[in-house]
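Thanks for making time this morning. I would like to walk you through one structure, beginning with the ligand site and then turning to some charged pairs, so please have the model open as I talk.

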Amino acid sequence: MDESLAVTSPGHGLRSLLTGAEPCQIMGVYNGLSARIATAAGFPALWASGLCMSTALGVRDSDEATWSELLAVVETMTANTPAPVLVDADTGYGNFNTARRFSIKAERVGVAGICIEDKIFPKMNSFVGDDHRLAPVGEFCGKIAACKDAQNDDGFVVVARVEALIAGRSVAEALDRADRYREAGADAIFIHSRQSTVEQIADFARQWGGRAPLVIAPTTYYATSLEEFGRLGINGVIWANQTLRAEVAAVRDACSRILQSGGVAAIEAEITPLKEIFALMRYEELEAEELRYADVGAHLAARPVPASAGDAL
Ligand code: SPV
Ligand code: MG
């Protein structure tokens with residue numbers, strides 16, 4: 001990556017975060033509200049999680065939602081954050097052509113980049129079952145090249161996600177695939193593992209040796225510190241699904257307590273006050289703008305219309 005690129009677009013913003021001195025924390029979100037909350041909390045970049053968006057749409061993370069349904073959700077995120085959004089593109093929804101169409105449309109809705117994984121469509125979430133078939137290397141390299149060729153902004157980021165370790169293959173195969181994807185044009189590599197410790201990722205990262213920025217999602221090896229990830233040469237850490245899981249826990253608890261007690265008194269002090277919701281959504285901006293445009297409108301309406309007005313019609 002070219003570190004000298006100015007931060008002039010979401011893609012350039014993400015590039016500079018992925019080439020910083022510390023690993024960048026990328027928060028998983030799934031709608032406009034969660035994007036807004038994560039941004040307000042201070043996360044510099046967001047992950048539009050396929051698992052979380054699918055779950056929030058009431059479908060499974062096995063390409064049950066169409067890519068246009070998902071991009072409609074992603075658009076509500078980019079409308080609610082100035083932070084760069086990296087969107088989970090699953091396998092690219094078919095061949096090189098569907099992948100590049102997704103990529104083009106994702107760029108149009110304002111994302112910083114896409115992350116495309118080397119599995120077969122329809123893919124299954126990496127934590128479900130053991131049937132994770134990998135795409136042929138050449139076919140996946142073609143998808144990466146097609147997405148790179150189709151980008152409009154030179155900062156747009158294409159992350160190649162290596163699922164070899166999820167599929168039970170060796171670190172050597174994961175490294176080989178990652179390097180070929182880098183040569184095909186990938187700007188960064190997402191190496192995924194579902195082991196409960198960091199060893200497998202550490203082994204990969206040491207041998208990778210910084211050939212391109214490395215991104216991980218430590219969902220199962222969550223006990224490792226950010227500092228340790230930094231020492232291993234990891235550039236981006238995606239907290240992929242914790243927001244959704246926090247929401248499920250909180251909403252489930254509220255629903256059960258309201259039903260059991262036949263009222264909301266017991267939880268009122270624990271849930272977010274409406275005034276905080278209004279502040280989060282910047283209702284005060286709407287109020288101020290309403291007054292401003294009433295003034296502008298009144299001023300324009302009071303102006304005398306020049307005698308010639310309308311002659312040209
Ligand atoms: C997602 O958040 O949709 C991901 C990450 O792809 S994972 O669920 O860990 O596969
Ligand atoms: Mg996903």
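Let me begin at R161, where a polar side-chain atom lies 2.6 Å from an oxygen atom of ligand 1. Please keep in mind throughout that this is a predicted model, and that the distances I quote are computed from it.

Taken alone, ligand 1 would expose 280 Å², and the protein buries 100% of that area. In keeping with this picture, ligand 1 sits in the largest cavity.

What surrounds ligand 1 there? The shell is made up of W47, S49, G50, L51, D88, N125, S126, F127, R161, H192 and A240, and when those residues are sorted by character, they divide into 4 nonpolar, 5 polar and 2 charged.

Besides R161, two other members of that shell deserve a look, since their side chains also approach the ligand through polar atoms: N125 places a polar side-chain atom 3.1 Å from an oxygen atom of ligand 1, and in the side chain of W47 an N or O atom is found 3.0 Å from an oxygen atom of ligand 1.

Now to the charged pairs. How many salt bridges does the model hold? The count comes to 23 salt bridges, and I will show you two of them.

One joins the side chains of E117 and K119, with an N to O distance of 3.7 Å. Buried or exposed, where does E117 fall? E117 counts as buried because its relative accessibility is 1%, under the 20% cut-off, and K119, with a relative accessible area of 2%, is likewise buried.

The other example pairs E228 with R231, and in this salt bridge the closest N and O atoms are 3.0 Å apart.

Notes. Residues numbered from 1 in each chain as written. Chains lettered and ligands numbered in written order. Predicted model: local features only at pLDDT ≥ 70, side-chain atom pairs only at ≥ 80, totals over all residues. Heavy atoms only, no water. Near = heavy atom within 4 Å. Polar contact = N/O pair within 3.5 Å; in protein donor to acceptor, adjacent residues only side chain to side chain. Areas by Shrake-Rupley, 256 points an atom, 1.4 Å probe, with all protein chains shown as cover. 1 Å grid on protein atoms, 1.4 Å probe; cavity = no way out; pocket = protein on both sides within 12 Å on 5 of 7 lines; lining within 4 Å. Sits in = over half its atoms within 2 Å of the grid points. Nonpolar A, V, L, I, M, F, W, Y, C, P; charged D, E, K, R; others polar. Salt bridge = Lys/Arg side-chain N within 4 Å of Asp/Glu carboxyl O. Buried < 20%, exposed > 50% of the residue type's maximum accessible area, 1.4 Å probe, protein only.
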